[in-house]
Each structure stands twice: as C-alpha cells, then as structure tokens.
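Trainee: Could you take a close look at the first chain with me, please? I would like one connected account rather than a list.

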Amino acid sequence: MDPAPNALDSLRRPRSIAIVGASADGSKAGGVILAGLLSGTFPGPVWPVNPRHGSLLGRPCFPSLAALPSMPELVIVATPAAAAPDAVREAAAVGARAVVVVASGFAEAGEEGRRIQDGMRDVARAAGMRLLGPNGLGVMDPRSGVDSFFIPAGRLGRPRPGPIAVLSQSGVFALAAVERLSHEGPGVSLALSYGNRADLGESDALEALADDPGTGAVALVMESVDDGPRFLHAAARCAALKPVVALKCGRGEAGAAAVRSHTGALAGRAAIYGAAFHRAGVVEARGLDDLLDGAKALAMQPPAPGRRLLVVTNGGGFGAACADAAAAEGLDLPPVAGTAATALRERLASFASPRNPVDVTAVAADGDFGAVLDAAFVPAGSPFDAAIVSCLSAAPGITEGIARRIAVAGREAGRPVVALHLGGARGVAIGRALESAGVPVYPTPERAVAAVRALVLRGEAVARTRVATRAGRRRAARHEAVLS
Amino acid sequence: MSAARLLRPLPASEARALLEARGVRFPRGEDVRDASSVAAAARGLRPPFVVKLLSPAVVHKTEHGAVRLGLESAEAAAEAACAMEKALHRNIPGTLLDGFRVEEQAPAPLAELLVGGIRDEAFGPAVTFGAGGVAVELLDDARWRLAPLVNGDARDAVRSSRVFPLLDGWRGRPRADLEALERVLDAVARLLVEEPRIVEVDLNPVFAYPDLALAVDARVLA
C-alpha cells in the first residue's frame, strides 16, 4: 500500500523532471544536473528547457516549460538568481507540483533578495506547488535517481540507497554528509539541502520522513528555526518513530553572527536548541563527525539501554583510549565478573583479571573476539549496555569472518555493538565486511565512544518518551474515570 | 523580527516576592530606605550580616562594590552601608539609591549553583541549571530545558550538570538537597510560563546545603 502523499513526494518520486536553464556545459549547474539525471537511474522523462538550444546532450531541448509535451511534476531551476522568479512563475502556470531553486542571491544577500524570495514563495503557495530552496543544493534520492545537487559525480560521491536521511540548511554540510556517506555507512534514503527555506523546511521534512518506511534514521543540520513550536512537534513525532540526530551550527557568538548573515535569519541562542532537541527526543551532535558517526550508529544498531560499556580489544592502547574517552563522556566500564569472567579465564590465556577493557592481545583470532562477546555481552544477564570491538585488523589472526562473528553477537544480545577498526589495504576489506554485516566502523577511539554516546542518548530519549506516554495514558485514564 | 524592547530589572523585593511565592527560599533579611536604618534592621537578625546597596544603576553588585559580607555587628553593618553610599555617589554621581537590604549571611555551602531562565524568541521559555558563582561564564556548565518542565527534566538537569559530584557527597561531604534544587529550577520555569512580561531570570548564586537550597542573589528582567 502506498503511504499517503506528503510534502516531499513530488521532489523524491516525480513522474517527470524539467530543468530550466539546462546546458551542455559541465561547468554550469544546469549542465551538471542534466548530465547527472540523464546518466543516472531516474526512470521518467527528463526535459531540458533553454530557449538558446534546440537539443542538449542528444535530447530535444525546449524553449519554455509551456512547450513541454506534458506537465513536468518537478521543475529544477538551474538559472542564475535574476531568471529564477520567472521560471517559478512558469512552473506554477504549467501545473508543476514542486520546484527546486538552486541559485544564491536571495534573502541571504539582503532585503531586496528577501523580497524576491518571498515573491517566489507566494507564487508557489498560490499554485499549491512546493518550493525547495533557494540557495541550496536541492534534493537527492538515491533510490529514485532524482538529483539536483549540481556537483558532478567526479567531485562528489553519490551514496547508494539506504536508511539515512540527511536534512541540511547549510549547503556545505549537505555536501560533507553526502560525500562521507558515499564511502561508509549503510546508504542514504534522501538528502535535502533546503538553503533559505522559503517554503519547505526541516519541519516539513521531519513530518514526511516520520512516515517514510525507507528512512531509518535522520541526520539534521540547522542554523536557525523558522517556527519553534512546529519544529518541536515535527521533531518529536519523527523521533518517536526513528532516531533523529541534529547539529545546531553557529554555537558561539562568532558562529552565530556568521549564520545570521548566511541565510538572513535569526540564529537564536544555540544552547536553547539543546533544550529543544532534548524535549523532542532528538540526539544532539556536537560537530560534523558526531553527527555522521551518530547517524551511522543509529541507523545500523539498536539504542543502548544504559551507560555501561564493554570494550574488547587486541591493542591495549586503544582499549585504554576508549576507557578515557568513555569517562569523559559519562559512560561506565564495569569489570567483567562472575560466570563471564570464569568463562573468559578458561578461554583466554591472556585473561588474567576481570578488567574492562578486555585485552585479547595481538595474537587473538576472530574466534577470541567472538568468545569474549559470547561470554560477557550476549547473555541476558550481561551488565553491559553496549560494546566496542577494537580490532587492529593488521593482526595475523583477524579475517573478514570477524564481521559476521561480531554482528551475530550483537543481534543475539539485542544490544548495540560498534567497531573501532584500523588496518591497511586489507583493513579496508575488513571494514567493509563489518559495515555490510551491520556493524558501524570508526577509525579512532574517541569517535567510537562518541558513537556509543549517541546510542545511549537515543536509549534515554526512547525511555523518556515511554514514561511520557505512560504518564499521558494514566492521566487520560484518570480523566476517563472522572467523567464516567 | 520583533522590535527590541528595553529590558529593566525588577526591584529586588519584587523579584524576591515572585520567587518566594513559588517556593524559592532566600536568606532572612529586611529592606530599609537609608543607611541610618541599617543598624536597627540588623539587630532583628543574626550576625554575621550582609548589606546590599539597592540601586537601579547597579545590576552586578560584586562588580560595583555594592555588597559587603562578614559584618559582625549592627554598627559594622551601618558603617558598611554609609561607605557604600559614599562610593556610589562618587563613582556614579547623580544615581538613585533605593535603599539597602540587610540579610543574614548564608554559611559556606556545599556548592554554588546558577539557576536561571530566558524567554527565547524561537522556543519560548527555557531554564538552566549549572555551576554558579562569579566564575559562571568561565565554567560554562549550563544545561537548558524548555519550560514548562516535564518528565523528570529538573531531576535530569541537576544530575547531568558537571558540578553534580559536588552535590552527591564529594570527598566525604554530605549530599545536597537535590529535590530543593529541582524545586528552585521548577519555580523559575513556572515564573516564566505564568508571567509573560518576564524575559530573564538569574539566580546566582544558589547555595546548596544538605537540607536546603537558598537563593543568595536574584535578578529578574521584564
């Protein structure tokens, strides 16, 4: 059954796409977008529109939107700012359902630009057409092949389809996220770079993504918020259904001042965003690594039910570094005790005391990691809420088989596992195997621990929502009792 | 974007009344109109005394020398009041003097906290809890929660603060009354929610004790 139509449908899965300001010139936005769509996987018609050309890249090129063979559901306006308002007006006139404007030079440039931007918004709204941008990269949906990001494939990776949605007010953050998630992680359901947010913004996207079965986690980058109460409601609704991790840019005075001029909107106080995220059950990221590492972990692993961490390592120094980072993040490392400790003492010559981190030493093989997890992490009575497996894969006993071992242990435990992984050329293959098996991989102890922190915060947010829902139900029941 | 409004601090007595009505405790004290009334006020209280100069010109009292601590007698309190009044007229000539507050000095606490709140343009009222005292801006420990508080917000804000170990039995010292601190945070939240004219509340320091939390200084802006 198809989900109910939402604000993003015509952006993500249009039946047809027109590009106003299309070009054969690969140095122009219109050229990159056209070439990208034609060589990509989008199954529907792609119509270039430019009165200066009769054909482009072997396709007929149309002089105007009105000249198209049928109504374009999505119009991508790739012209400079001056020509954009007319294009938006034309798109509305031909009945397009959504329009993306990538040009800059609107509200972020000054009052005149703000006026023109508001004009485009009004035209779109009067026609019931959604407007994305201006001053953003627009929309990228790896599954449907829609892509208005005007950076060629040679300069910007394209992620494969997967569960992570990226929503960003900042263009450069959208690019950074897309680029990184094209090399690591489980893939992307949607990347939305909404720029000046003349119409569509984070609240619209969060509302739509809450019900999107293809999205398992949302990563959000905000510089400002348009409507605080609406954002709280949309974020809370989305976070009730799937993990949401957010980064507020412009934390300090200097950053905030830069943000004020960037999109022409008031940034608001950064610390209050932390309060808003907390209320909405959104995990707050502290920087780009935190955001993307957290999104990866949240998309690939279950939330952690508490703060107790098990670290298993074949390199003592990394174990110690994880312990240090964990202490700084308020995570605990209780010792391995009881039957688990006994089992480990029997299995591992190196396991002399119930220390955590558990050091399996550099001669350890895949099976040794598995044995530690099976004894200490998998059982229902395990005192650990999350585990970091730190495996230097240059060690002789480590093979790609370790990926399945770790993933299975995590699934059997029903609690999250992340990998801290370092290795050379062979390491790349093992890292890929780990992520293919569903275990997120991080290159440093600090980032592995920060990823666990995201899983812990998600667990706490889920627990708070559960308490709130129960309290709400109790209040409702008491109200019922009074009425009857 | 709303036009900038001129913010003014409420008189200390009004600020105190709004907070006391919501359960915040302050040191025992009395407001007097002039320095000559300070000694009599002190005799109704237990030493040591604190004398604060009340003037709309003076917002951060320690910066202006407008608070004197450790005054062991009513006479010392009166002398301190006179000295502060002279200094005020010297440093900020022509300024208004509302009077003085004479208080019982609060004993050394387990910790000094900051409890405050603002009305944010985007998200509405929000409150904060963290390490306080004069170094508050350097310590940067504020945890913010949206008001009205729900769901263990106050408890969580107190326990996640960096200063929490000091409140939890640090090096053999007793534990602080955490519920009392949570009630102060809740009181600030309710004040912001219930009084839309109020834009900022600043209780710094709040002194934490094993059985009590005391707001030693309060600023409310409207």
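Mentor: Happily; we will go through the sheets of the chain, then some loops, and end at the contact with its neighbour.

Residues are numbered from 1 along each chain as its sequence is written, while chains are lettered from A and ligands numbered from 1 in the order in which they are written. Keep in mind that this is a predicted model, in which local features need pLDDT of at least 70, side-chain atom pairs count only at pLDDT 80 or more, and totals for chains, interfaces and linings use all residues, with side-chain values resting on heavy atoms and leaving out hydrogens and water.

Let us begin with a sheet in the N-terminal numbering. Five strands of chain A form an open sheet in the order S2-S1-S5-S6-S7, and the pairing is parallel. Helices (H or I, at least four residues) and strands (E, at least two) are DSSP runs numbered from the N terminus, and two strands pair if DSSP finds at least two bridges between them. Strand S2 (46–49) and strand S7 (130–132) of chain A each have a single partner strand, so one side of each is left without a neighbour in the sheet. From one strand to the next, the twist averages 20 degrees (axes are lines fitted to C-alpha atoms, for helices over the stretch in contact, and angles run from 0 to 180 degrees between N-to-C directions). Inside this sheet, four bridges link strand S1 (residues 17–20) and strand S5 (residues 74–77) of chain A in the parallel sense; Ile17(A), for instance, has Leu74(A) as its bridge partner in S5(A). Helix H2 (residues 29–39) of chain A lies across S1, S2 and S5, at about 160 degrees to S1(A), where contact means heavy atoms within 4.5 Å.

A salt bridge (a side-chain nitrogen of Lys or Arg within 4 Å of a carboxyl oxygen of Asp or Glu) is formed by Glu73(A) and Arg15(A), with their closest N and O atoms 3.7 Å apart. Glu73(A) sits in the loop between S4 and S5, and Arg15(A) in the loop between helix H1 (9–12) and S1 of chain A, so the pair ties together parts that are 58 residues apart in sequence.

Now turn to another sheet. Chain A has an open sheet of five strands in the order S16-S15-S17-S18-S19, with parallel pairing. At its edges are strand S16 (358–359) and strand S19 (441–442) of chain A, each of which pairs on one side only. Strands S17 (residues 386–392) and S18 (residues 417–422) of chain A run parallel and are joined by six bridges, and Ser390(A) has Leu420(A) as its bridge partner in S18(A). Helix H15 (residues 425–436) of chain A lies across S18 and S19, at about 170 degrees to S18(A).

A few loop details deserve a look too. The peptide bond from Gly133(A) to Pro134(A) is cis, with omega near -5 degrees, and Pro134(A) lies in the loop between S7 and strand S8 (138–141) of chain A. Asn356(A) and Pro357(A) are also joined by a cis peptide bond, with omega about 20 degrees; Pro357(A) is in the loop between helix H12 (338–347) and S16 of chain A. Leu57(A), in the loop between strand S3 (55–56) and strand S4 (59–60) of chain A, has a positive phi near 50 degrees.

Finally, the neighbour. The contact takes 17 residues from chain A and 16 residues from chain B. About 1,400 Å² is buried between chain A and chain B, with carbon and sulfur atoms giving 65%; buried area is the accessible area (1.4 Å probe) that two parts lose on being put together, summed over both. Ile272(A), His278(A) and Arg279(A) supply 40% of the area that chain A buries against chain B, more than any other three residues. Arg279(A) also meets Asp153(B) in a salt bridge between side chains, at 2.9 Å from N to O; the count between chain A and chain B is one salt bridge. Helix H7 (228–241), helix H9 (270–280) and helix H16 (445–483) of chain A each supply at least two residues of the side of chain A that touches chain B, and H9(A) gives the most, with seven residues.
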